[in-house]
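Dear colleague,

I am handing over the structure below, and I would be glad if you could keep it open while you read the notes that come after it.

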Amino acid sequence: MRIPDIYQRLAELGAKPLHSRRIIRAWLHGLPLDAGNRNQPSELFLPLSVRQALPTLTEELENLARLRSEHPGADGSARLLVELADKQMVESVLLPRDGLCVSTQVGCAVGCVFCMTGKSGLLRQVGSAEIVAQVALARRFRHVKKVVFMGMGEPAHNLDNVLEAIDLLGSEGGIGHKNLVFSTVGDLRVFERLPQQRVKPALALSLHSSRAELRARLLPKAPRITPEELVELGEQYARRVGYPIQYQWTLLKGINDSQEELDGILRLLKGKYAVMNLIPYNSLEVDDYQRPDGERIVEMVRYLHGRGVLTKVRNSAGQDVEGGCGQLRARAVDVINTRRLRRSQQN
């Protein structure tokens, strides 16, 4: 379901635009759909036909994103396994300091070698109503004032739905534009369309290497934009909207933590309106990649920060509860498939 479908449904019930806005606003803030205010209760504002349909509409909207399980982390975060209406599952993450990470696809087609989500491939797009439904669900638990589109999926591959969600969250959802963070590997359509939007989000660009050939190996299906081209496009957008680009760099021991890469980062980002986010790889299991030692990470931050590139370490939220994006869903899918196999064997 997309956001225009909800407005159309409300119009068919007899809601005028001002009625629809109040209902949508209540939903986005995790409130009952008939939530009024002190001066104007819903029974004095909403048409009778709309009020009578609210229980059915509430159920329809709640079915867009239902909480399947919650996994609190020691860092104050909580990973949410969210079930969509067709029983597909995505992940949302309640972040410390009133943030929320949402998913924009079931699976992903980029195939980043260090990402669990990419291993399943792309299963389907997440509709704009399903994207904002993750926010509505999260706001039943906590205050949310920042939404990052960094969960499962590549937002640029679902651009129309993501931009619809951003527009609604930046208006009726009451979230500041720079607190909506669009993450991408660098699809050119992003740089064409984001400047044209009413709500212009902040931008997070997945860099991961200053060397084009290594970046292509790490992000095998990302657009073939060189790091230099990507940074230049990011710089143009940052100067236009007035807030810096966040560059994402998943730290992989022995792969992209070398002195050569540090000097490459300086070459690309020094003097730019940018923040470098170093994200130590979340190695919960035995796999092909490991995070650098803590001492090495500290050295990298000091080296970059001391030479003019604002650098922060961003650990994945909830690393003690299947912290890598896609791990929680993968575990749930494994459980479901095991149960199905057992039932088929018993039959």
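What follows is a short account of the salt bridges and of one residue in a helix.

Please bear in mind that this is a predicted model, in which local features need pLDDT of at least 70 and side-chain atom pairs count only at pLDDT 80 or more, while totals for chains, interfaces and linings use all residues. Residues are numbered from 1 along each chain as its sequence is written, and side-chain values use heavy atoms, with hydrogens and water left out.

Side chains of opposite charge can pair when their charged atoms come close. The structure holds 15 salt bridges, a salt bridge being a side-chain nitrogen of Lys or Arg within 4 Å of a carboxyl oxygen of Asp or Glu.

One of them joins Glu164 to Arg2, with the closest N and O atoms 2.7 Å apart. This pair links distant parts of the chain, since Glu164 lies in helix H6 (residues 159-169) and Arg2 in the segment before helix H1 (3-12), 162 residues apart. Helices (H or I, at least four residues) and strands (E, at least two) are DSSP runs, numbered from the N terminus. Both partners are partly exposed, Glu164 with a relative accessible area of 22% and Arg2 at 32%, where buried means under 20% relative accessible area, exposed over 50%, and partly exposed in between (1.4 Å probe, protein chains only).

A further salt bridge is formed by the side chains of Asp86 and Arg124, at 2.7 Å from N to O. Asp86 sits in the loop between strand S2 (78-83) and strand S3 (89-95), whereas Arg124 belongs to strand S6 (residues 122-125), 38 residues apart. Asp86 is partly exposed at 42%, and Arg124 is partly exposed at 22%.

Helix H6 appears again with Asp167, whose side chain meets that of Arg198 in a salt bridge of 2.6 Å, N to O. Arg198 is in the loop between helix H7 (188-193) and strand S9 (202-206), so the pair ties together parts that are 31 residues apart in sequence. Asp167 counts as partly exposed at 25%, while Arg198 is exposed at 56%. In addition, Arg68, Glu83 and Lys87 are linked in a network of salt bridges.

Turning to the single residue, Ile297 is found in helix H11 (residues 294-305) and counts as buried, at 9% relative accessibility. Leaving aside neighbours within four places in sequence, Ile297 is in contact (heavy atoms within 4.5 Å) with Leu251, Pro280, Pro292 and Val313. The C-alpha atoms of Ile297 and Pro280, 17 residues apart along the chain, are separated by 8.1 Å.

With kind regards
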